[in-house]
Number of protein chains: 2
Amino acid sequence: MTKHDTITAALLVIGEEILSGRTQDENISYIAGSLDRIGVVLSEVRIVPDGIAEIAGAVNSLRQQFDYVLTTGGIGPTHDDVTTDAIATAFDTPIIEEHPHALQAMRECFPGEELGPSLRRMARVPEGAELVPNPISGAPGYMIGNVVVMAGVPQIMRTMMKSVVRRLDTGKRIASRSIRVDAIEGDVALALAGLQAEHPDVKIGSYPYFEPSGYGTYVVLRSTDADLIENAAEALCSLLDNHGTPYAEADAGS
Amino acid sequence: MTKHDTITAALLVIGEEILSGRTQDENISYIAGSLDRIGVVLSEVRIVPDGIAEIAGAVNSLRQQFDYVLTTGGIGPTHDDVTTDAIATAFDTPIIEEHPHALQAMRECFPGEELGPSLRRMARVPEGAELVPNPISGAPGYMIGNVVVMAGVPQIMRTMMKSVVRRLDTGKRIASRSIRVDAIEGDVALALAGLQAEHPDVKIGSYPYFEPSGYGTYVVLRSTDADLIENAAEALCSLLDNHGTPYAEADAGS
């Protein structure tokens, strides 16, 4: 993959339990933050059920549109874990039923234990994939083409993600600055539209908040160029000063 | 729309701030739960940035695949709120710039206040849409074709969702039963695969958990027929009894 300024990724969350409302997803914001820190722009997230057709369809659509596709979930030992079958279908590639390095990693995690047929299922890996280590329970994730396949259990996904971010091409990191404005969105909307027009290379987002302590608007300035953010932030602050609207730095960003 | 046993929906979350990792989504699990309670099967979730092309593309793809599409976000007063433009693009329909009922609802929420041009932007509604009331801040959501457009602010989305669920066709409610098994997934995987084969009309899901108090597996049985769930649950419990594996009811479902 050639280096370019913007590297994009999509995340495919495989999980019936999130779609049914049984479980609140914990992985999206962690992965979004990890990618943001290495300058990879998370451009789409999809959540689909544990079905081969649904997963393979989404993978094939997303891997053509984005530089990377990360998936979470569906690589466990049970009958409803069909992600590896779906990835093999998407890439039209056979599955190595007992990948020797995967089996070895699992044996090292459970020394002296017999690995039954269910656990061995977790050593199934599509041909041509490179393993992603899992120090917690051995059974690895993998990377095939521009697709990274990870576990859905948050603790395991996080250890996998730590080694995945070191393998991805990185883009220019997007810096951000967030300012809390003590005014409703409608009262600052025109000023923000003008500011956006004058600072086209800074993405200006506005997010209303309603908290017990009061309500207002977070204005978030984002750009790969920190100087441009500072210019836009100064312009915003003098606009607010002129209108007598209170504001405060919300977080430093970086 | 004709009545059928299974009614499906997709959710489109419009939010740059979730993709950047700045904000944790709070809406998906609420909407998933609300749909589950009226027997509508949430079949896919997508999160896309605040761009007209991205939103319109996703809406047009999803509204052909599912009975309903619900969207959240991007209908505020600021320049980065482009959902209504995207919906009008997707449906190739003009926008009523100041929908009289929308304006009236906003005036009733802020009696005596002048509605400036930014707030009036929230009265923009695609032609042919029916309004969804917003008792909190007046500015309505709307329904056009099989697409429901709601605010992204969780408090406002929730009040909109309460009236939306009364307008949707409802399906057969999916009942569920959840059993916590004190064994790792690998140790129950074969038994569950056998159970699934014997009870094809019950969807048997298995979700490992790793908590400070210990680890194990949640087994979730789901079906539109509660009797079938009971049969499968009995079979599961006697399998576990025979193997001396401890388990407990995890939640009642219904």
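I will talk about the contact between chain A and chain B, and then about one serine in chain A. Please keep in mind throughout that this is a predicted model.

Let me begin with the extent of the contact, to which chain B gives 52 residues and chain A likewise gives 52 residues. The area buried between the two chains is about 4,300 Å², and carbon and sulfur atoms account for 58% of that area. Between chain B and chain A there are 21 residue pairs in polar contact, counting pairs with both residues at pLDDT 80 or more. On the chain B side, the elements that each supply at least two residues include helix 2 (27-37), strand 2 (40-48), helix 8 (185-198) and strand 10 (203-211). The residues on that side of chain B comprise 24 nonpolar, 16 polar and 12 charged.

As for salt bridges, the count between the chains is two, and in one between Glu16(A) and Lys203(B) the N to O distance is 3.1 Å.

Strand 2 of chain A, residues 40-48, pairs with strand 2 of chain B in the antiparallel sense, over three bridges, and within this pairing Arg46(A) has Arg46(B) as its bridge partner.

Now to the serine, Ser206(A), which lies in strand 10 of chain A, residues 203-211. Is Ser206(A) buried or exposed? With a relative accessible area of 4%, Ser206(A) falls under the 20% cut-off and is therefore buried. Leaving aside residues up to four places away in sequence, Ser206(A) touches Glu185(A), Leu192(A), Thr217(A) and Tyr218(A), and from the other chain Thr78(B) and Asp80(B). With Glu185(A), the side chain of Ser206(A) makes a polar contact of 2.4 Å.

Definitions and conventions: Residues are numbered from 1 along each chain as its sequence is written. Chains are lettered from A and ligands numbered from 1 in the order in which they are written. This is a predicted model: local features need pLDDT of at least 70, side-chain atom pairs count only at pLDDT 80 or more; totals for chains, interfaces and linings use all residues. Side-chain values use heavy atoms; hydrogens and water are left out. Contact means heavy atoms within 4.5 Å. Buried area is the accessible area (1.4 Å probe) that two parts lose on being put together, summed over both. A salt bridge is a side-chain nitrogen of Lys or Arg within 4 Å of a carboxyl oxygen of Asp or Glu. A polar contact is a pair of N or O atoms within 3.5 Å; within protein, one must be able to donate a hydrogen and the other to accept it, and residues adjacent in sequence count only if both atoms are side-chain atoms. Helices (H or I, at least four residues) and strands (E, at least two) are DSSP runs, numbered from the N terminus. Ala, Val, Leu, Ile, Met, Phe, Trp, Tyr, Cys and Pro count as nonpolar, Asp, Glu, Lys and Arg as charged, and the others, Gly among them, as polar. Two strands pair if DSSP finds at least two bridges between them. Buried means under 20% relative accessible area, exposed over 50%, partly exposed in between (1.4 Å probe, protein chains only).
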